[in-house]
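Student: I'm new to this one and would like a close look at a single part, the biggest enclosed space inside, plus a few residues to get my bearings. Could you walk me through it?

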Amino acid sequence: MAKNGYKNQHKNGQWQLSAEAADLYERHVARYILGPWAPLLVDVAHVGVGDRVLDVACGTGVVARAAAERVGPAGRIVGVDLNPAMIAVARSLPTPVGAPIEWVERSALDLRLRDATMDVVLCQQGLQFFPDKAPAIREMRRVLARGGRLALSVWNGVGLYNGAVGDALTRFVGDAAALQFLASRQVPAKEELQRLAAEAGFSAVDVRVSRIDVHLPRLDKFALDHLSATPIAPLIATADPDAREKIGASVMKALQRYADLEGVTYPEETHVLTAKVL
């Protein structure tokens, strides 16, 4: 096992994190970076009372928990992720009021759910990590019942904050660390998203850019906390203390124009794909 609790391996296109790393992911990434987007994905999928919902690449479960509240006790929620540590953290978190959630360690390429048994499939910022995107989209289509809806998101570009972190890593750690950190922003373009969904048999395919303001705590600390919840954590942990300090200061300076009393609030964009099964 690598330092900082990371297993430095890449399985089926997804980084495998230890329990410690997954806990850090929930505290920093899920809470501040992904959490604000969860209601939007649930909204665009028109998740309603009694729906059966599958959250693919659920991570620590921020989208699944939002969906559970919407569907209520009569609904069903299944969260699937390849990473056992992510699933363990998801199971450990408080259960929301609403539907019970079934957490399953499983690949997006082999969901092992029966055909046409779900009403909604959600996937927040997971598609870019799948080594074979077309089979994953086909699996999502397979499990949806007639009238079912798909809603998935991938980032629209590197983004202000991630770009600032990437630049700081290049300067103070190295190009390889920056590229590894920015892997989550290497996403399919709009046209590829449309093609993948159409070829999988979806109808009414639509891809739009959504934008919200994201708030992060004071960046000289948060940037380092965030990096501790990524696969480059061992590199950051063993970096010169001066380099670590410079990373935080550099990111803070780059987003200085977005500073508020408690950190920064900056605009972020994502592509959101919606589609239906007719």
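Tutor: Sure, and one term comes before anything else: contact means heavy atoms within 4.5 Å. Keep in mind, too, that this is a predicted model.

Let's start with the cavity you asked about. Searching the whole structure turns up 3 cavities of 30 Å³ or more, and the largest cavity holds about 660 Å³ of space. Its lining is made up of 35 residues. If you want to find the middle on your screen, look for Y25, M86, Q125, F129 and S184, which lie nearest the centre of the largest cavity.

What sort of residues line the largest cavity, by class? There are 18 nonpolar and 14 polar ones, along with 3 charged residues. Several elements chip in: strand 2 (14–17), helix 1 (19–34), helix 3 (62–71) and helix 7 (175–181) each bring at least two residues to the lining. Helix 1 gives the most, with 5 residues.

Since helix 1 has come up, let's stay on it for a moment. Y32 sits in helix 1. Is Y32 buried or exposed? Its relative accessible area is 17%, and the limit for buried is under 20%, so Y32 counts as buried. Setting aside neighbours within four places in sequence, Y32 is in contact with R27, V214, H215, L216, P217 and F222. Take V214 from that list: Y32 and V214 are 182 residues apart in sequence, yet their C-alpha atoms are 7.6 Å apart in space.

Next up is D55, placed in strand 3 (residues 52–56). D55 is a buried residue with no salt bridge. The nearest side chain of opposite charge belongs to R65, 8.2 Å away, while a salt bridge calls for a distance within 4 Å. What D55 does touch, not counting residues up to four places away in sequence, is V63, A64, V78, G79, V80, L122 and C123.

R65 also helps to place our last stop, P100. The C-alpha atoms of P100 and R65 are separated by 9.2 Å, with their positions 35 residues apart along the chain. You'll find P100 in the loop between helix 4 (84–92) and strand 5 (101–105). P100 has 55% relative accessibility, and exposed means over 50%, so P100 counts as exposed. Leaving out residues up to four places away in sequence, P100 touches G75 and I77.

Definitions and conventions. Residues numbered from 1 in each chain as written. Predicted model: local features only at pLDDT ≥ 70, side-chain atom pairs only at ≥ 80, totals over all residues. Heavy atoms only, no water. Helix = DSSP H or I, 4+ residues; strand = E, 2+ residues; numbered from the N terminus. Buried < 20%, exposed > 50% of the residue type's maximum accessible area, 1.4 Å probe, protein only. Lys, Arg positive; Asp, Glu negative; His and termini not counted. 1 Å grid on protein atoms, 1.4 Å probe; cavity = no way out; pocket = protein on both sides within 12 Å on 5 of 7 lines; lining within 4 Å. Points joined across faces, edges and corners; volume = space filled by probe spheres on them. Nonpolar A, V, L, I, M, F, W, Y, C, P; charged D, E, K, R; others polar.
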